[in-house]
Amino acid sequence: MLAKSQGRWWLYAILSVCLVAVAAPFVWMVLGSFKSEGELRKAPPTWWPETASLDNYTQLFSRLDFGTYFTNSIVVAVVVTAGNLLFCSMLGYALAMLEFPGKRALFVVVMATLMIPGVVTFVPLFVLVANAGLIDSLPGLILPFLVSPFGVFLMRQFILGLPRDLLDAGRVDGAGELRIFARIILPLCGPALATLGILTFLGSWNNFLWPLVVAQTEDTYTLPVALALYSKGQNSTNYGLLLAGATVVLLPVLAVFLAFQRRVIEGIATTGIK
């Protein structure tokens, strides 16, 4: 009993150290957003602000066209997330429950695509978007990411664990595949959809390289791109403005995660279990 208690003590100690290591950068970011530029560059650095100030946030909202950038980020992230939830679940359902020629080959293609780094397809994808005339437009930021191989794989693995008897019962009642998918499959995929949704929203909201290349005017900038461009002066970076902007960018993601964390954990725990 004593040995078991000691083992748990060490486990709690290790987990506490890991928690501090993960949380410390975020706490530093939030506290740093209330510091002056001089204090941020001070050596040795201070942990708590000597004189807390909202100047960085005031400058953030006055210097940037925050409403436009925030709206662009929201539109791109929401549409990309909705597209992944719909199309990935549809393809996952087809690969898990339907029989058609080339099914295995299609799944192999999905898995192969999953293993290809995004940087490899970046240039060909940009050429396709440019040839389609979608450079410097919101559709150009959205369309290439409406479906992800990871999302297809995640939904397929979850749907494989659902009982086929439900599908047979629906077919006996005369329901078509689209109705079975919408009325039977989707309501049972809540945990997987929540997991895919929050991961997709997080990736789209924080995406920087693609919007940096495709969005070429201020009207199509997203928040990460705008912060990176406007936090730099002629000779140095305005770290206070950058930290304040990073804190604001983090808030929607944090709100989404807190709202769906239970479903996310449930989805991660049950995906692939039959």
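# Burial, pairs and helices

Me: Is Glu99 buried or exposed?
Reply: Glu99 has a relative accessible area of 68%. Buried means under 20%, exposed over 50%, and partly exposed in between (1.4 Å probe, protein chains only). Glu99 is therefore exposed.

Me: What kind of model is this?
Reply: Residues are numbered from 1 along each chain as its sequence is written, and side-chain values use heavy atoms, leaving out hydrogens and water. Local features need pLDDT of at least 70, side-chain atom pairs count only at pLDDT 80 or more, totals for chains, interfaces and linings use all residues, and the model is predicted.

Me: Which residue forms a salt bridge with Glu99?
Reply: A salt bridge needs a side-chain nitrogen of Lys or Arg within 4 Å of a carboxyl oxygen of Asp or Glu. Here the N to O distance is 3.4 Å. The partner is buried, with a relative accessible area of 14%. It is Lys103.

Me: How many salt bridges does the structure hold?
Reply: One of them joins Glu177 and Arg171, the closest N and O atoms being 2.9 Å apart. Glu177 is partly exposed at 32%, and Arg171 is partly exposed at 32%. Counting the whole structure, the salt bridges number two.

Me: How many helices are in the protein chain?
Reply: Helices (H or I, at least four residues) and strands (E, at least two) are DSSP runs, numbered from the N terminus. The protein chain has zero strands. Its C-alpha atoms fill a box of roughly 70 × 70 × 30 Å along the principal axes. The number of helices is 14.

Me: What arc do the buried residues of α3 cover?
Reply: In helix α3 (residues 55-63), Asn56, Tyr57 and Leu60 are buried. They lie on the same side of α3, because the arc around the axis (from directions to the C-beta atoms) is narrow enough for that. Asp55 and Ser62, on the other side, are exposed. The arc is only 100 degrees.

Me: How many residues of α13 are buried?
Reply: Helix α13 spans residues 223-230 and is mostly covered. Its buried residues are Leu223, Pro224, Val225, Ala226, Leu227 and Tyr230. Out of eight residues, the buried ones number six.

Me: How many disulfides are found?
Reply: A disulfide needs two cysteine sulfur atoms within 2.5 Å. The sulfur of Cys88 is 12 Å from the closest cysteine sulfur, in Cys189, so that pair is too far apart for a bond. Cys88 is also buried, at 0%. Across the whole structure, the count of disulfides is zero.

Me: How many aromatic pairs are there?
Reply: Rings of Phe, Tyr and Trp (its six-membered ring) pair if their centres lie within 6.5 Å; planes under 30 degrees apart count as stacked, over 60 as edge-to-face and the rest as tilted. By this rule the aromatic pairs number nine.

Me: How are the rings of Phe201 and Trp205 arranged?
Reply: Both residues are buried. They are four residues apart in helix α11 (residues 190-206), so about one helical turn separates them. Ring pairs also link them with Phe61, Phe66 and Phe70 into a cluster. At 5.8 Å centre to centre and 15 degrees between the planes, the pair is stacked.

Me: Which helix holds Leu86?
Reply: Leu86 is partly exposed, at 40%. With Phe87, Met90 and Val147, Leu86 makes a nonpolar surface patch of about 320 Å². Leu86 lies in residues 66-97, helix α4.

Terms used. Patch = residues over 30% accessible without salt bridge, like charges linked within 9 Å, V, L, I, M, F, W, Y side chains within 5 Å. Areas by Shrake-Rupley, 256 points an atom, 1.4 Å probe, with all protein chains shown as cover.
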